[in-house]
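These are notes for a colleague who is opening this structure for the first time. Please read them with the structure in view.

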Amino acid sequence: MRRKAMALGAMVVSAALLAGCSAGSNGSAGDEGSGEGTVKLVAWPGPEGDAMSKVVDAYNAGQGEDDGVDVELTLLSRQDTFSKEAALMASKSSDVDIYFTASYNIGQFAPSLEPLTDIDTSAYFPVAAEGLTYEDELYALPLDVSNHFLLYRKDLTDALLSDPAAQAEYETVSESVLGEKRAPKDPAEWDLDDFKVAAAYFSKSENPDSPTEYGTILQAKNLLYNTMIWNDVLWGYGGNWEEDGQAALTSDAAKKAVELYADIYKNGWTSPDSAQAEFPETQAALQSGDTAFAIQWSAAFAALNDPAQSPDVAGKIAIAPVPGGKTHVHALAVSLNKYSENKAAAKKFLSFLASTDAMTQYAQAGGIPPMPEVLEAQAAVNPAFAQVSETIDENGFSEPVFPKTFQAYSKLAEDLSGAWVGQTDVDDALETANANLQELLG
Amino acid sequence: MPPTVAERPRSSATERRKRTTAAVILSLPLILFAAVFVIYPLASGALTAFQSSTLLDQSNEPNGIDNFVSLFRSDGFAKAAGFTLGFSAAVVAIEMVLGFALALLMNRAFPGKKLFFTLLLLPIMVAPALLGVMFRLLLNGDIGALPALLDSVGLSVSLFSPDSVVPLLVVLDVLQWTPFTFLIIYAGLQSFPKELLEASAMDGAGYLRSLTSVIVPVLKPVLFAAFFLRAIDAIRTFDVIYVLTAGGPGTSTTTLSIYIYKTAFESGDFGKAAAAALVVLVCLIPFVPFIVRRISSTGMEAKK
Amino acid sequence: MSVLVNDSTTTAAERPPAKAPGHRRAWVFTIVAGVIALIVNVPLLNAVLVSFKPDGEIAKNPISLPTSPTLDHYANVLYASGYDFPRFFANSAMIAVGTVLLVLVIAIPATYAIVRLNFGGRWIISSASGLRLLPAIFFVVPFFILFSTLGLADTIPGLIAANTFLNLPLAIILLSSALGDIPQEIEEAAAVDGASIYRTLGSIVLPLLAPTMVAVSVLVFIFSWNDYLFALVLSTSSATPVTLGAANFITSTGIRWGDISAASVLSTLPPLLFAVFAQRYLVSGLSSGAVKG
């Protein structure tokens, strides 16, 4: 017993000594700094990180020299970037000067960010800048826009549209799926019912002669990004998250949106594995030629159309607006850390990023900058730019920005992903999701 | 039982003091390390559990038991605990049996033993975070090797459908961690007194009987060590499941670690995450001395 | 003394040769062990296969051998991707080796003091084990704050400390269990001969503990080499280990399967080499040899 006490005593004393030494070096409110020196910036790997890295190199070699600022880019993996940033913010760290943020988490991160003043946002898509404005202050510079498209096998839909026998078969499928005979249409004109019939028609379970195993692939994994895709369907049916601050997920539209997923899943018009599918699985399904079409992120098109990466389908994939005519839009962005100790220098780099010159470099390096003017001017760089510009203008919507938007995406994925794959009851799931959303709306 | 060092009659007061000094000196590295890297994080983490510490409210004001109340108000935590216990029980039971069997199998000379011994340990050398990604490719219904292989022999499987995903996760865990129980039990077998086995063989006891009446009792501390080490890691299971299912569909595969991770990093509620971790600790800690006693029984009991 | 030692610690590393099975029966075990080894390694074998396939072939031929094998993915991992993997590997190696050493230096004397000299009592072992029960996430933020204060954030010593923290319980549990198996008479005999406690520990107990130390080293090396969560939070750029570097191939436009497979294969090699090196001690059952020698 005595030894026990001694051991414990020794530990406590040493801990106290240590605590004494270390007290009080945390929680400073940041500093403007000298306006020169190293600025640390975080991004994630992928086209955004690659493009950013080229812009940073150009800055460091050019204007950075004049500014006396050297920018250091750190890439974190896509799935961990926000976790790492959350940990840094929770400990009020000054390690990173410029955070990588997005419309969907700006509300949650805002307390750790410095509002950006004196930035002219007129060159940006209004929806992009608005999505980063929280309590009337701009908390981030838009960097890259993301939205969804219907990516489909044009060779297969063309074949369908030019073959009367196939059209007759399509109408039969349509009758059994919708209860009405619908003729096949060009995917650019699909509504969500056409989407459903086509999913059935291109599935072996419904149509043994189908050229593909499955019509589509749903992204039904319990993941916040998959909520964003499901939102297209919700909005497409005329639904919404909330009306005047009241959660609205018990609406008919919401019910129809979940049922669309559940019907497709239960009938085998998507792979059973799509219960755990997200971006990479959707790419694999399209790349392998097993699947005819999918609602997928704009950034996916390049790889699918690249013969080196997708030899089976390159050149056969085309882009159409999401059926139902609505696409989620968010901006990836960069924000200033409130606890940064070199804010003045960081602001110099941010001002540079906000210029059309920087965004032109960014577009040329593979990013999708949120400036319509730049997208139009650089249409030669990426043929999708024109479509992105048009789609965002015409079909884009953005979910409400409130402090807990990020949680709401996660929570909806958690509450609904079971119902998407027919594991839980649709009404119960929506009931739960609605209650949780209401709580998060505050 | 022979008298132990401590009880030897010739131990004098000086002797005892010497031993105490030696004990302190030998423990000093542990004490210093614990003081810096254990006590502080533990205290600070425990304190967080009683504070309002979210990304939206970083005031760190004490908020009493609010975090605990919010933890138990929804059923997410309880569900995660239930899944974690069930999952851990299943995988640890299977891994113990298979690891033991494998250790017995390998505990003999045969051609190629060294090579296969190493190969059997290989799965634990792959980082779980990367292994999850490897599984995602291997098991992918469109481009994965395993479904393609099964397909080529006429078997169509959907490994990730809601009905098969839990058994799948159990199998994957067993594949990765049976080598761990195997290694520890095998190491224990190496110091197994040979004459005990020979004696039981002379008795004419069958292999099974000598297994249950001789090997298992003697190996008990090692078996408990393997069980315990594996169990505490199983309860913390995170990487592979998080990469493969992110806890879904719904919350059906959410482990406690995934729950806590999401609470901290998705909801940004570090106070509630710390509260959840603390509850887990408080619920499990009573079992620890019970098990530790069994692990160190031969050495420690001798002194009593 | 030698009689005493032989009596109590002769081991059965291999099955008694008296009952040595016929040659044919031994091959049965080779086949069984081979099949099991194959099954548990399917994910890694698949990674090896994928790592040699060009991107286009990965989706096209899931089971076949690569028709036009490529080393591009290895080139990407090692230099071509713009990530500094040689440094990530060096970081991982320093972290893992440093952790093994620190864990042994702390755990061996302390376990001896606890088990043999009754220091503190079993509650230390219990609470050390209890620590491992807490999800690492619990400690992530406190560690981060502590490390920032001590200047250990994003440094190799910092990650060594974090991994030591994670692996000490494992070492203490395994060592205390092994120490319990060593008959105390040996140490008593040494004490009678006038050896100090330190000498008894160094020259009598350590050799007896060697197999367990090797097992602990292998496990600690593996676990610290493979750590992800602590590395994620505690490193930013200069202390990034391989596990974290490999995650860079999980991009916002999908997973670069070939590259991450190559990275996984390469990152498995150092722990493998370490285990092969250590295996001699594990398999031959050093326990008996060391005592006799």
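1. Helices here are DSSP runs of H or I with at least four residues, and strands are E runs of at least two. With that in mind, take residues 143-161 of chain B in this predicted model. That stretch is 42% helix and 0% strand, and its end C-alpha atoms lie 17 Å apart.

2. Residues 273-292 of chain B can be read in the same way. Here the chain is 90% helix and 0% strand, with 28 Å between the end C-alpha atoms. Both stretches, 143-161 and 273-292, carry the annotation "transmembrane region" in an unreviewed UniProt entry. That entry gives the annotation to further parts of chain B, among them residues 21-43, 80-103 and 207-229.

3. Within chain B, helix 9 (residues 207-235) packs against helix 13 (residues 287-295), with the axes 7 Å apart and an angle of about 140°. Angles over 145 degrees would count as roughly antiparallel, so helix 9 of chain B is oblique to helix 13 of chain B. Helix 9 of chain B brings B:Lys220, B:Pro221, B:Phe224, B:Ala225 and B:Phe228 to this contact, and helix 13 of chain B brings B:Ile291, B:Arg294 and B:Ile295. By class, the contact holds six nonpolar and two charged residues, with no polar ones.

4. What does chain B share with chain C? The two are in contact through 99 residues of chain B and 99 residues of chain C. On the chain B side, helix 1 (residues 13-48) provides the largest share, 14 residues. The residues on that side of chain B are 74 nonpolar, 17 polar and eight charged.

5. One helix pair spans these two chains: helix 5 (residues 128-138) of chain B and helix 3 (residues 42-51) of chain C. Their axes come within 9 Å and cross at roughly 75°, which makes helix 5 of chain B roughly perpendicular to helix 3 of chain C. From chain B the contact takes B:Leu131, B:Met134, B:Phe135, B:Leu137 and B:Leu138; from chain C it takes C:Val42, C:Pro43, C:Asn46, C:Ala47 and C:Val50. Nine of these residues are nonpolar, one is polar and none is charged.

6. Chain A has 19 helices and 14 strands. Its C-alpha atoms fill a box of roughly 80 × 65 × 45 Å along the principal axes. The radius of gyration of chain A is 25 Å, which agrees with the value near 22 Å for a compact globule of 442 residues.

7. Chain A is divided into domain 1 (37-146 + 329-397) and domain 2 (148-327 + 403-441). The C-alpha centres of the two domains of chain A are 30 Å apart, and their contact takes 15 residues from domain 1 and 16 residues from domain 2. On the domain 1 side, helix 5 (106-109), helix 17 (384-395) and strand 14 (396-397) of chain A each give two or more residues. Helix 17 of chain A has the largest share there, five residues. That side of domain 1 divides into seven nonpolar and eight polar residues, with no charged ones.

8. Where does chain A meet chain B? In this contact, 40 residues of chain A face 37 residues of chain B. Elements giving two or more residues on the chain A side include helix 4 (81-90), helix 12 (279-287) and helix 18 (405-420) of chain A. Helix 1 of chain A gives the most, with seven residues. The chain A side comprises 19 nonpolar, 15 polar and six charged residues.

Key
Residues numbered from 1 in each chain as written. Chains lettered and ligands numbered in written order. Predicted model: local features only at pLDDT ≥ 70, side-chain atom pairs only at ≥ 80, totals over all residues. UniProt positions renumbered as here; feature names shortened; annotations may be inferred. Contact = placed C-beta atoms within 7 Å. Nonpolar A, V, L, I, M, F, W, Y, C, P; charged D, E, K, R; others polar. Domains from an automatic or database assignment. Axes fitted to C-alpha atoms, helices over the stretch in contact; angles between N-to-C directions. Parallel < 35°, antiparallel > 145°, perpendicular 65-115°, else oblique. Rg over C-alpha atoms; globule rule 2.2 N^0.38 Å.
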